[in-house]
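Welcome! Let's walk through this structure together, one question at a time.

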There are 2 protein chains.
Amino acid sequence: MLYLIGAGIGESDISIGSIEVCRKASKVYYESYTSLISESKLRFISDNIGKNIEELTRGMLEEESMRIVKEAKSSDIAIIFSGDPLIATTHKILFINATKEGVKVEVKHSSSIISAAIGESGLDFYRFGKVATISRWTDSYKPVSFYESIAANQSNNLHTLLLLDYMPESGSSMQLPEALRILIEAENHYGKGIISEGTKVFVMVNLGTDKQQKLYSSISELARSNIEKGPSCIILPAKLSDIEEEIISSMFY
Amino acid sequence: MLYLIGAGIGESDISIGSIEVCRKASKVYYESYTSLISESKLRFISDNIGKNIEELTRGMLEEESMRIVKEAKSSDIAIIFSGDPLIATTHKILFINATKEGVKVEVKHSSSIISAAIGESGLDFYRFGKVATISRWTDSYKPVSFYESIAANQSNNLHTLLLLDYMPESGSSMQLPEALRILIEAENHYGKGIISEGTKVFVMVNLGTDKQQKLYSSISELARSNIEKGPSCIILPAKLSDIEEEIISSMFY
């Protein structure tokens, strides 16, 4: 059996059920290619399951995924992912490879930035359009699908949850100042008039952890704010309803 | 301190961190108005935290929420919710009432139907439009916002996650046969030509539990299928991409 296990977003968000599975598994891996699991979190999980957790890097996931699937033919293997598994294509490919080899797969779900960020914003859950990811801009590569998603959502009066790209080479997600800068640069580049320095956005850093920080402010003010480092996301709201205004005034003070 | 605690979607999805909080709390409640937590799951949590869990019904949440907030002024109070907290307005109002009284609130996140259903479908996470809920139809009340959401998503070539209404009076969520019937009735009523008996949808029942059932089939075939009872959701896909077709053929067999 192959277990795909969510470690959630907080330090101790891994579920009781997942701990039980990992305790019994003959081998436990963690995946470090699509997202980061902090050292302290890995230690917490390792202490709780009473065994070491082996790293699976990109290369190992691609080249050795069949080896792991074969291990899972004769014993219980667990792979721990940050957040909730199966969102990234890499995880689905593991699922498919296992299925092709006749290995059963069980997913143990955990907290995800998606529902946590939507909930913590106080905004109406039913008013979120499609999610987008802000990718790093270079001189030669300026991906704008996130800008097009915001434009499409705004034209339907829907909020946009913006995730920040994870860069496995550096072992960290894009930090907020860079993401806010790219938002403004994209606007200057494509000029649809949907984002300005005065646009108020929600930013959330280290959600679900002791170092959580939530702000609702204009992009220019946020650029001057003292924002902690850590996994972050941005919500660019559509026009707020009266109820949303009221809720937000109590939740962001 | 007031702790809003997610019990997740699976029987043992509650996090280690949440169990620690509940063990130390002077009182632990669970909320039974916006969603159901099964008896076996409550027993599992109660056994793990070593104390009883008191029910909070709708009336209690509305009339006694200030009493609970006041309890939380002088001691640690935990309220357990199904899934991930703060999605429902009821939860946000608790948050606001506590804040107004100067009581600190901490949210312990857990697995949610939102990310779990999107992940388990195999569909591209970035191609989901806004989520909708199918509400019960009566002779005099036929809410169609879900149909309008599907139409809007389809016109943007986006998938729609459809949740099924929870009815606190009966203590259960709408079951799939009724939801599929309402989908067809809504189409007959409004006739935008977006749903037919032949439309293939994903249905997921008891996600994240031992009784999990996932199907991808036409509405007419699903109406004839032997589908288990339990909390369910439907995904009405937009046009599938080639990669999605490939992934789904391995994940739904």
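Q: How many salt bridges does a search of the whole structure find over all chains?

A: The search turns up 16 salt bridges over all chains. Keep in mind that this is a predicted model, so every value here is computed from predicted atoms.

Q: Why is the pair of Lys27(A) and Glu54(A) called a salt bridge?

A: The closest N and O atoms of Lys27(A) and Glu54(A) are 3.9 Å apart. The cut-off is 4 Å between a side-chain nitrogen of Lys or Arg and a carboxyl oxygen of Asp or Glu, so the pair counts.

Q: What makes this pair a tie between parts that are apart in sequence?

A: Lys27(A) belongs to strand β2 (residues 27-31) of chain A, while Glu54(A) belongs to strand β3 (residues 54-56) of chain A, so the salt bridge ties together parts that are 27 residues apart in sequence.

Q: Why are Lys27(A) and Glu54(A) each called partly exposed?

A: Lys27(A) has a relative accessible area of 30%, and Glu54(A) has 35%. Partly exposed covers what lies between 20% and 50%, so both values fit.

Q: Lys108(A) forms a salt bridge with Glu106(A); is Lys108(A) buried or exposed?

A: Lys108(A) is buried: its relative accessibility is 12%, and buried means under 20%. Its partner Glu106(A), at 28%, counts as partly exposed. The closest N and O atoms of this pair are 3.9 Å apart.

Q: How do you know that Lys73(B) and Glu101(B) form a salt bridge?

A: Their closest N and O atoms are 3.0 Å apart, and the limit is 4 Å, so the pair qualifies. The two residues are 28 apart: Lys73(B) lies in helix α4 (residues 65-74) of chain B, and Glu101(B) in the loop between α5 and β5 of chain B. Glu101(B) is partly exposed, with a relative accessible area of 27%.

Q: How many salt bridges and how many residue pairs in polar contact are there between chain B and chain A?

A: Between the two chains there are zero salt bridges, but 16 residue pairs are in polar contact, with both residues at pLDDT 80 or more. By class, the side of chain B that touches chain A has 24 nonpolar, 18 polar and eight charged residues.

Q: How do you know that chain B and chain A touch, and what area do they bury?

A: In this model 50 residues of chain B are in contact with 50 residues of chain A, where contact means heavy atoms within 4.5 Å. The chains bury about 4000 Å² between them, 66% of it on carbon and sulfur atoms. In chain B, Ile16(B), His109(B) and Phe125(B) lose the most area to chain A, together 17% of what that side buries.

Q: Why are Cys22(A) and Cys233(B) called buried?

A: Cys22(A) has a relative accessible area of 0%, and Cys233(B) is at 0% too. Buried means under 20%, so both belong in that class. As for disulfides, the count is zero over all chains.

Q: Which residues of helix α7 of chain B are buried, and what covers them?

A: In α7 (residues 145-155) of chain B, the buried residues are Phe146(B), Tyr147(B), Ser149(B), Ile150(B), Ala151(B) and Asn153(B). Their cover includes β6, β7 (160-164), α8 (176-190) and β12 (232-236) of chain B. Just after this helix, Asn157(B) takes a positive phi of about 55 degrees.

Technical notes. Residues are numbered from 1 along each chain as its sequence is written. Chains are lettered from A and ligands numbered from 1 in the order in which they are written. This is a predicted model: local features need pLDDT of at least 70, side-chain atom pairs count only at pLDDT 80 or more; totals for chains, interfaces and linings use all residues. Side-chain values use heavy atoms; hydrogens and water are left out. Buried area is the accessible area (1.4 Å probe) that two parts lose on being put together, summed over both. A polar contact is a pair of N or O atoms within 3.5 Å; within protein, one must be able to donate a hydrogen and the other to accept it, and residues adjacent in sequence count only if both atoms are side-chain atoms. Ala, Val, Leu, Ile, Met, Phe, Trp, Tyr, Cys and Pro count as nonpolar, Asp, Glu, Lys and Arg as charged, and the others, Gly among them, as polar. A disulfide is a pair of cysteine sulfur atoms within 2.5 Å. Buried means under 20% relative accessible area, exposed over 50%, partly exposed in between (1.4 Å probe, protein chains only). Helices (H or I, at least four residues) and strands (E, at least two) are DSSP runs, numbered from the N terminus.
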